[in-house]
Every structure is written in C-alpha cells, then in structure tokens.
Amino acid sequence: MIANTESPSNHAPLAFARMACAVLLIVGSAFALRVQAQPAKSVVTTERARAELLAYAPEGVEPGKTVWVGLQLAHQPDWHTYWKNSGDSGLPTQLKWTLPPGVEAGEIAWPIPKKYPIGHLANYGYSGTVLLPVPLTVTPQFKPSLLGGDLQVKLKAQWLICRQECVPEEGEFALKISARSATALHADVFNASFQAQPRPLAGAGTVRIDGDTLKVSVPGLPAEAKGKVLGFFPETNEVIQTAAAVTQSWDGKVWNAVVPLSPQRSQSPAIMPLVLTLGDQGWRTEAQVVGQWPQVAAPAGVSPALEEALRRNSLSQPASAVSLTFAAALLGALLGGLILNLMPCVFPVLAIKVMGFARHADDRRGHRVSGLAFSAGVIVSFVLLGAILVALRAAGQQLGWGFQLQSPLVVATLAALFTVIGLNLAGVFEFGAFLPNRLATLESKHPVANSFLSGVLAVAIASPCTAPFMGASLGLAVTLPAPQALLVFAALGFGMALPYLAAGWIPGVARLLPRPGPWMVTLRQFMAFPMFATVTWLLWVLGQQSGIDGAASLLVLLVAMSMLIWSLTLVGRLRGFVGGISFVVLALLMWHAGHNITAVDVARPATAASEGSWQAWEPGRVEKILATGRPVFVDFTAAWCVTCQYNKKTTLANPAVMADLSAKSVALVRADWTRRDPAVTAALGQLGRNGVPVYVLYQNGRSPVVLSEILSVDEVRAAIASL
C-alpha cells in the first residue's frame, strides 16, 4: 500500500497486510481482555433505570417445556421506555439473545402500554417497573450435560429511555438456569406480567378505509368492557395520528371507532393488530383491512428517496416509479463517488496512489493493472460495507452510513494503522526488513495486492465523508431489495475509482503525471505528515466519543507502539532488550487504557450540542418548538464527518447566515451522531437519509426542506428568506 521509491524489498504489500493485521490484533486484544475482565451480569444500573435479566422455569428445563426469561426495567420517576409501536417518536426495546444449541427464543410478550401525550404528539410505552418476557423453546437437541447441567443465557439489550430528554442505553446480561430443577424464584413477577398482557379476542375485528380516516369495528369484547371508553393501541406504527382523539361508540356488543389517518403515513398493512385496554386489562385482535389505502403524496421539499419510500407503501404506485428512482440513485452514487475524491480525509491515501502511478510512468501495462486492482479494492470494500449495513438493518439494528466510525474501537484501530503507515513513509522502518528473503521475493511477484489494499484503505477512511448526491442515494439504497442496494454501493465505489481507471487506460491522462526521479524520496517522506494529520483528526474524533481520557490513552498507546516498531529496527542484543521492554510497556498500557478508549463520555451529551445558541436534539424537541410557532433548523452532524465540520466552521458560522436566522427567530438544533444513536438514525430514516451531514428547515404548516450536504451561504439564506 506504500509506494516504493528505494528498493524492491520496500514494495511489500503482503508485508503491509501482515503488519496491519498485527496492529489490529494488538489493539483488539486489549479490548478483548477488557471484556473478559468485566463479564456480563444479570443486573445493569444507570442513572435512569435498573435493568435485570430474570428467569422462570416452573417445569424445569426439558424438551417440549417452555422456559421464560425476561428483561425487567425499573424506571426512575418520570422516565419511560417504549412499546413495540413507540408512537410518534422513540424506539422499542430490542433484545438480542445468545443461546446454546437446541434452545430457541420467541418474540417479546409485550404487556399493555400506556399513552404519553407530548404536545400535539403522543408515544406508547412503560413507566414504573415493567417486565418484557420472552419464551424459550427447548428442543431434544439441547444437551445440558455438556454445559455443566445449566442453561446458559446471554442477552444484549438496547432501550431508549426518555423524560424531557432521551438517552439511548444498553446492557449485556448473563444468566444460568439450572437444568436439574425448577426455577420459580420470580414466579410472581412473571405471573403479573402475564396478567398484564392483552388477551386474544374470539372474533376478528375489521378496519375499513374511509378517505382520511379508519372505521374500526371490534366484536367479542367481554361484558365488563361494554359501554366503556377504551384505550386504542395499533401495533403497526406510522399509520394513524397517534395524538388525535378517537371517536368511540357501541353498537350492541360491537365496539366502533373512527381514527384519523396520519398525513405522513408510511405503512399500508393488510392486517392491523390492535390492542384495546380498560384500566389494567387489555384485549388483542388482528383486524382485517377493507378497502384500498390512499396514495401518499410526497410534499414539496422532501428528498427523492423519501418520495420513493412513500410511494413504495402505496398500493397505487406507478410501475415506473421504482425503476426511475433507482436509476437516479445509481447516477447520484456515481457522481458522489467522483466527488468523494475531493474530500480532505481521502487526500493522504490518494496522494500515495498518485505517487505509485508516477513511479510506473513508463509502464503502460503496470498502470492498467494497478488501476484495475485499486478499483477492485474500492468497489469490493464499498459493496462489503453496504452488505454489512443492509444485513444489520434487516436484523433490526438502527445503523446508518458511516456506522464503522461510530465505534471508538474502529477509530482507535485506524489511528494505529495510519501511525504505522506514517512511520514507514518517514523512513523509520521498511516493511521488507521484517520479512525473510524468500517471502520478500514472493511479494515482489504480486504488486497487484499493493494496489488492491490501497483501494481498501481509501474506502476505510473515505466512506464517512459523504458528498453531494450521495445522501438521497444511500437513503434509498437501504430501503431497496439487497441486490439493488448493493448495486448502488458498487456505483459509489466505481465513481470513486473512475479517475484511477482513466489514469491507467487513457494515454492522455497518463502523460499528465510527473516522471519518476529523486524527488519521489522527498515526496514520500513529506507524505508522512498528512498521515500524522489524519491520526490527529482520529484522536479528536475519539475525544468527542470517549472524552479527553480516551484520547489521551490512545495517544500514549500510539507512542508506545511507535517505540516498539522503532526497537525492531535496532540490531543485536539491544534490539531484543529494547523491544522486550517496549512490548511489556505497550501491553500494560493497553490493559489499563481499554476502558478509557471504549467508554462513553457521559458529560458530553448534555453539553456538546449546546454550543452558543444551538440546542441538543432529542426525539420530540423539534415538534415542541414548532408548537410555539417558531421555525427550526436542524443540523445532523458527527465529529468524524469532515464535510460536517467544514460546513460548521464556514456557512453555519457566517455572520450573515446567523443574522438571518436570528431575524426570523429560527431555533437552532444540533443532532450529534458521533456515536451510535438509534433515535438519530430513525430521524434520518424519516427524512429518507442514511448518513450525515443533513440540514433540515422546519416550519409549521409546511413540509420540511432538506438542504444540500455541502452548504453554501446563498442556499441557506434563500431558504431562510422563504419562511
């Protein structure tokens, strides 16, 4: 991946791969050891809730028997989490189980929820103490004797807990259930939860579509419910106006209601499961939908991706709409990939690639092979990232483009990798010097690997830098079937690789490249500084994620790692002595620093976005401000997004822009996506976007206006003037 300007042994792509893997293993081992030192427990306590994993096996753990496990959430006063349909905002609690062979987890048996009005919106969820029980089915394939006679259950849970503000929380839990005897310690808790679940009704309800309302009829309700006003909770989200009044009446034993449809409806179900409640009792029916759902028209100012998402949920969608929008998404991805080459975060890697082209200026065949290999590395990497993203979202994960840099571990690993590359470019060491002659000779026969790895590295650092035309395309991609989605990601990679294909296959472009010469040695050393600048940026990103302690810990680790690499260039006994000391120091520092690097900066959510006149975004805040009559400008941003930081320091700091915003009394809200935040991901998805930056201007009575990713002063001022 590093251009060779001195000797054949320096051009060692496989050596670089080995070194990169070693760096990844060294950095990753610290975190793995840290996890082993802090095993998952059955209880996780935060400032807002106490979460505990409970078990109930009244008949023991035997094939054919049901074992119940459940996450119990005890909320602090005024805090709540969400039901399976969270309402106008929020996210339902997610449970991911790790179970031994022969044991399968079912769905959450959701207790009946409560309704939480928030201004002109409403949410569905739970306060106080609630248990979310899940049945485990034990099959004959379960062999408890191999597991010490116990059923070992592991759970990774994620929940969004809200009061006036919302905080994403998560926990990892572990529990052993005896397979030799019954487990009934928490029988009263589980039985109370079973009683709080809605009971199925014998008769099926119906939902008749009547213009912009739904006419609901539910027969078979028990006698104690007759004539009473019931709570109404649809399990399908984004269909009704959650906060609107439900007009109810009784026709003998049949409960009827008229429910307004949501103007932003995004679902068109054929069956609508409904839950009706009376006090602490509830009943459930799967109502048949009668009639045709009205087409949802995309309002002005909404991105093409959101328009397509709305059309896809309408039964009267034109047949040509999907293909037309898909073609536009491919073109947008191609153009976005081209523009991605201009992003500052890509410059260090691309400069090395150009230097490699210059080295082979007289070798046309080498140019072509190198260009093809680099392009393959770029396209394969984009497709692989896209496949991971699509697969995780299909599994229920709230992820968006750039998700890899939301992990402090990935940021720290990239910083270590770029430090190694910078030391190599500066001449501190040569990759070939660490390898046997036979392996170095083998590597010199495979220069294609060098170009391929250069493409992989370029994507690793460039992918979070969204560019114009990419936002809508990537937002649409995650809503498409997997083959079409992967084509969009492949088009993005092809666009980024296109200039290098041109340099390899078009003689006129190749002639523009400089001829090789002694200047390349100086250029190679100079290129170490952009690499170290990239490391500085990654350190700053980690500081935004994990606080100053996390950034300082990583910096100390990089110094120790650099010392270890330098020690390997020494000779004789000195090499072994210094290298041994360096390795021990590095291992001890990694053990100590693992927690600081992966920890969440708990102070940051309360202060990071509240800069000057900017407020921190949270679910429902925009709606609350709009209810007061003020327009709202929302900046969806992240510390690892270079485009976001550029816009923040230029257009969004422009005195004329700020004066216009103040004159129109526009509220400024900043949604920080530096670390994974399912609530922000969901808000981006509602706008038809899947990454940052995204800039949105809201006003009561008007559709949200989504601005360009690279903001100009004129564009923002024109949007403000239209208010």
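This is a short tour of a predicted model, with a suggestion at each stop for what to select next.

**The whole chain**

Start with the full protein chain in cartoon view. You should be able to pick out 21 helices and 24 strands. The chain has 723 residues, and buried residues make up 51% of them. Now switch on a surface: the chain exposes about 31400 Å², with carbon and sulfur atoms supplying 61% of that area. If you count contacts between residues at least 6 apart in sequence, 75% of them join residues at least 24 apart.

**A loop between two strands**

Select strand E3 (66–75) and strand E4 (81–87), then look at the loop between them, where Asp78 lies. Asp78 is not a glycine, yet its phi is positive, at about 75°. Is Asp78 buried or exposed? Its relative accessibility is 62%, and exposed means over 50%, so Asp78 counts as exposed.

Stay with strand E4 and select Ser86, which lies in it. Ser86 counts as buried because its relative accessibility is 8%. Which residues is Ser86 in contact with, leaving aside its neighbours within four places in sequence? Show Leu91, Pro92, Asn123 and Tyr124 as sticks to see these partners of Ser86.

**A nonpolar patch**

Next, go to helix H4 (residues 319–340) and find Leu331 there. Add Leu335 and Leu338 to the selection: with Leu331 they form a nonpolar patch on the surface, and together the three have about 220 Å² of accessible area. Leu331 itself has 49% relative accessibility, so it counts as partly exposed.

**A sheet of five strands**

Now move along the chain to an open sheet. Its 5 strands run in the order E20-E22-E21-E23-E24, with mixed pairing. Which are the edge strands? They are strand E20 (614–616) and strand E24 (705–706), each pairing on one side only. As a general point, strands of a sheet pair through backbone hydrogen bonds, either parallel or antiparallel. For a close look at one pair, select E20 and E22, which pair in the parallel sense over 3 bridges. Within this pair, Gln615 stands opposite Val669 in E22.

**The loop before E22**

From strand E22 (667–672), step back to the loop between H19 and that strand, and select Ser665. Here is another residue with a positive phi that is not a glycine: the value for Ser665 is about 55°. Ser665 counts as partly exposed because its relative accessibility is 34%.

**The two sides of H21**

For the last stop, select helix H21 (residues 713–721) and colour Val716, Ala719 and Ile720, which are buried. Turn the view to look down the axis of H21: these buried residues fall within an arc of 100°, so they line one face of the helix. What covers the buried residues of H21? The cover includes helix H19 (655–663) and strand E23 (694–698), and E23 is one of the strands in the open sheet from the earlier stop. Then rotate to the other side of H21, where Asp714 and Ala721 are exposed.

Terms used: Residues numbered from 1 in each chain as written. Predicted model: local features only at pLDDT ≥ 70, side-chain atom pairs only at ≥ 80, totals over all residues. Heavy atoms only, no water. Buried < 20%, exposed > 50% of the residue type's maximum accessible area, 1.4 Å probe, protein only. Helix = DSSP H or I, 4+ residues; strand = E, 2+ residues; numbered from the N terminus. Arc of directions from axis to C-beta. Contact = heavy atoms within 4.5 Å. Patch = residues over 30% accessible without salt bridge, like charges linked within 9 Å, V, L, I, M, F, W, Y side chains within 5 Å. Areas by Shrake-Rupley, 256 points an atom, 1.4 Å probe, with all protein chains shown as cover. Salt bridge = Lys/Arg side-chain N within 4 Å of Asp/Glu carboxyl O. Pairing = 2+ DSSP bridges.
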